[in-house]
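Thanks for sending this one over. My comments follow below the model, as numbered points.

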Protein chains: 2
Amino acid sequence: MVTTWANERDLHLDLAAPGGVRAALEAALRDAVRTGRLAPGLLLPPSRTLAADLGVARNTVADAYGQLVAEGWLVARQGSGTRVADRAPAVEAAVAPGAEAAPPRYDLRPGSPDVAAFPRTAWLACARRALATAPSEAFGYGDPRGRPELRAALAGYLARARGVRATPDRIVVCSGFVQGIGLLCQALLTRGARTLATEAYGVSAHRDVVAASGLAMRPLPVDAGGADVGLVGDAGGVLLTPAHQFPLGAALAPARRTAAVEWAADTGGVVIEDDYDGEFRYDRQPVAAMQALAPEQVVYAGTASKSLAPGLRLAWLVLPGALLDPVVDAKRRADAQTGTLDQLTLAEFITSAGYDRQIRRRRLAYRRRRDRLLAALPGVRVTGIAAGLHAVLSLPRDLTEAAAVARGASHGLALDGLDNYAAAPGQHAPALVVGYGTPPDHAYTSALARLAAVLAPTRY
Amino acid sequence: MVTTWANERDLHLDLAAPGGVRAALEAALRDAVRTGRLAPGLLLPPSRTLAADLGVARNTVADAYGQLVAEGWLVARQGSGTRVADRAPAVEAAVAPGAEAAPPRYDLRPGSPDVAAFPRTAWLACARRALATAPSEAFGYGDPRGRPELRAALAGYLARARGVRATPDRIVVCSGFVQGIGLLCQALLTRGARTLATEAYGVSAHRDVVAASGLAMRPLPVDAGGADVGLVGDAGGVLLTPAHQFPLGAALAPARRTAAVEWAADTGGVVIEDDYDGEFRYDRQPVAAMQALAPEQVVYAGTASKSLAPGLRLAWLVLPGALLDPVVDAKRRADAQTGTLDQLTLAEFITSAGYDRQIRRRRLAYRRRRDRLLAALPGVRVTGIAAGLHAVLSLPRDLTEAAAVARGASHGLALDGLDNYAAAPGQHAPALVVGYGTPPDHAYTSALARLAAVLAPTRY
């Protein structure tokens, strides 16, 4: 090989590369600067010299130099030639290979439906219709509240299925309820609220969002009638799960529903009704949303995360008039709007009755799973079973939550102790929160058998 | 009609309604309480009486009462019968019918590509493949950074097309760049930053997000070499549009690229490279991303909003190691993750080369539009034309921005003055920022003709 300037520096130059000689030269020079083969401050040969070295046109080299000057790799000063830019070489990040733990074979933690039951074919058919019929403007920036097609479909669905009093203009589609809480916290802050009352048992990720917003939290004790709303006090709002307390499972007692609404009317406070699994009630007709009692005091929050899939990240707020503008402003700042294609697809899914069908099917399936859970654990006290996708299992006296979770792990089960959901740990008798909706159908039998083994006190 | 208790109160009871008698009775009672036909405190007839009135089974009435007690509409006290709950009737919101102004016929405001060119058929084909091949867990809660399929596809694409040094683990998919800015502001705040330097001309919605985060803003003057990064000072970060300043159109000068990176390395500050339209460069090869100069100092931010459609709400951040965890934490709190179906579809679109094809086609189309804009306005000074989907048009001396916008409106054109993009108004000679990418193809000729009429000084 002829020793040339380029060869000396190990400039790999593939003249047949796609993009042509100039692109290859640029890439080779860039790479050489990046890796330090061309040191900071180094004077490059004149373009004429390098062109002759490489057997390419002089303009090709000059253009490549010019491009790399524009990008900041090289510097050119009139009369003093082209040099490698004088800067500290970028540190190559040592990326640790993902050393994540192997997932458990069976996941019985609550919070997710059986995602294997996502109606892929029906969803695709709706996506096809949505893409075929959407106006062009649906692909542009639009109303921060979301697509009008979906808001209209939701208004009808929510009135019919959950008794919600909703008009499309009062609905804000958001990217999951986690976002919804964040938007509501910001809206409450703009109204001067400093504190949000929350149930003493709930989703820790929701508490994280509230805490990050700057609102203080006031935990409300939870008993067999749901949260004790008598302790809301001077909070600016209260976040409740009235249909099926998460995770303990009670329905909010009638007197407390009324009391919460009256508190809101008297104080100007806001009730946030997190209706995360209101569609899945087994033992009687679903309790209609409390929002209908007082639409100007109660925010209704629904989600597709339990009815369809968390991965969709679709939820909706039905808002009192006074909260609409602040929530829309917060939504605009959060992400301008939720992605429109899934919204249009869900609108199709609802209006074509596919959504109702999916919920009916899943309700039946989850109810059967619940019944099988009860049958598989005859000696265990199981509560919160009238609705939803999870139940609370009391642990034997000699088994702590941590020990049960560890025992589960040794059986290939992912389990969650009730403490994971408590605002303050250790305030209750040990229990597990079991998400019987989570495993796919084919795994449920095995998951139950292992859970029974974990909870069988005499075996250990 | 026989006068009964129910008839007196105008309880419309459709016994043949879907859901059956009990559901119809519940709905009628609920509606009557809601509208005040049954007043707060009113004692309802015993279930036996009402059942006889209506000719239905007593249990049906008792069950309906029970349900409405559970929902809070009625209250039942042992021995004193069932009454309407004693609460203020909910105020029915008077919803003003949408009195929105008719949209202009032609929109020449910047910020959106031609959404009529969204590749619906190709996108649907990718969605079909994505839905057919996605693992079930893609429908569940997942990595806040986004789907691994998309992050892998983006790492390859960004290296190839924009010279970005990206590994999938350093990429966070977000719901549009508006969200990305918000996440970055939160991450900067956790690192102790108090100020973000921003270009004195930019997107006002981005400034709103920064302001809402609590970071102070330090505007950097913009000239023909882009933003004057020498004035960043003690800010914790600087937000730049290096490839094509928005909206003025300059490329960030090589010396300023180097200076910004050196500032970041010296101070521990962060450069945010908003590469919103980096794919659309017409006059020479695209300037590679400055992120490659210093991946540990520069956040690269890209988006599908210009290359595909804003309505998708898909963008991506390539992060320095030090920012990864705080941004992921912020993303988790913002919305847990971005919706997965569009992510999987975009991954398919990129890996099947559809994305590159779409960009090549659109680049050609937008370049032609730019050339036609220049040809249609021979007497007008047009700048910022080397790239992107917009240009800056200097106005004649006798025409203010407001007057030009008003004149445009009278011609059915939506126009934007440069002032709309300025951190402080009135600091520049009057100009329009014209988004030539926005109108659909069939409307572009008319839009241009009207624009020429608006700008023709002798006509008015």
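1. How many residues of chain A are in contact with chain B? This is a predicted model, and in it 82 residues of chain A are in contact with 82 residues of chain B. Between them the two chains bury about 6,400 Å², with 57% of that area on carbon and sulfur atoms. A:Arg120, A:Phe139 and A:Arg165 supply 11% of the area that chain A buries against chain B, more than any other three residues.

2. What joins the chains in polar terms? Ten residue pairs, both members at pLDDT 80 or more, are in polar contact between chain A and chain B. Salt bridges between chain A and chain B, on the other hand, come to zero. Over all chains the count is 41 salt bridges.

3. On the side of chain A that touches chain B, the elements giving two or more residues are all helices of chain A: H2 (20-35), H4 (58-71), H5 (120-133), H7 (177-190), H8 (204-213), H9 (254-267), H10 (321-335) and H11 (340-351). H5(A) provides the largest share, eight residues. Sorted by class, this side of chain A has 39 nonpolar, 18 polar and 25 charged residues.

4. Helix H12 of chain A deserves a look of its own. Spanning residues 354-376, H12 has 23 residues and reaches 33 Å from its first C-alpha to its last, close to the 33 Å expected at 1.5 Å a residue. Its buried residues are A:Gly354, A:Tyr355, A:Asp356, A:Gln358, A:Ile359, A:Arg362, A:Ala365, A:Tyr366, A:Arg369, A:Arg370 and A:Leu373. When you turn the helix on screen, keep the usual geometry in mind: an α-helix has 3.6 residues a turn, so residues three or four places apart point the same way.

5. Which parts of chain A does the pair A:Asp283 and A:Arg370 tie together? The two side chains meet in a salt bridge, 2.9 Å from N to O. A:Asp283 lies in the loop between strand E10 (270-274) and strand E11 (298-303), whereas A:Arg370 is in helix H12, so the salt bridge ties together parts 87 residues apart in sequence. A:Asp283 is partly exposed, at 46% relative accessible area, while A:Arg370 counts as buried at 5%.

6. Two other arginines from the buried list of H12(A), A:Arg362 and A:Arg369, belong to a network of salt bridges that also links A:Asp114 and A:Asp441. I would show this network and the A:Asp283 to A:Arg370 salt bridge in one view.

7. A further salt bridge in chain A joins A:Asp107 and A:Arg109, with the closest N and O atoms 2.9 Å apart. Here A:Asp107 is partly exposed, with a relative accessible area of 25%, and A:Arg109 is partly exposed too, at 34%.

8. In chain B, the side chains of B:Arg147 and B:Glu137 meet in a salt bridge of 3.2 Å, N to O. B:Arg147 and B:Glu137 are ten residues apart, and each is in the loop between helix H5 (120-133) and helix H6 (148-162) of chain B. B:Arg147 is buried at 6% relative accessible area, whereas B:Glu137 is partly exposed at 46%.

9. Is B:Glu26, in helix H2 (residues 20-35) of chain B, buried or exposed? B:Glu26 counts as buried, because its relative accessibility is 1% and the cut-off for buried is under 20%. A polar contact of 2.7 Å joins its side chain to that of B:Arg22. Leaving aside neighbours within four places in sequence, B:Glu26 is in contact with B:Asp63, B:Ala64, B:Gln67 and B:Leu68, and with A:Gln285 from chain A.

Note on methods: Residues numbered from 1 in each chain as written. Chains lettered and ligands numbered in written order. Predicted model: local features only at pLDDT ≥ 70, side-chain atom pairs only at ≥ 80, totals over all residues. Heavy atoms only, no water. Helix = DSSP H or I, 4+ residues; strand = E, 2+ residues; numbered from the N terminus. Expected span 1.5 Å × (residues − 1). Buried < 20%, exposed > 50% of the residue type's maximum accessible area, 1.4 Å probe, protein only. Contact = heavy atoms within 4.5 Å. Buried area = accessible area lost by both parts, 1.4 Å probe. Salt bridge = Lys/Arg side-chain N within 4 Å of Asp/Glu carboxyl O. Polar contact = N/O pair within 3.5 Å; in protein donor to acceptor, adjacent residues only side chain to side chain. Nonpolar A, V, L, I, M, F, W, Y, C, P; charged D, E, K, R; others polar.
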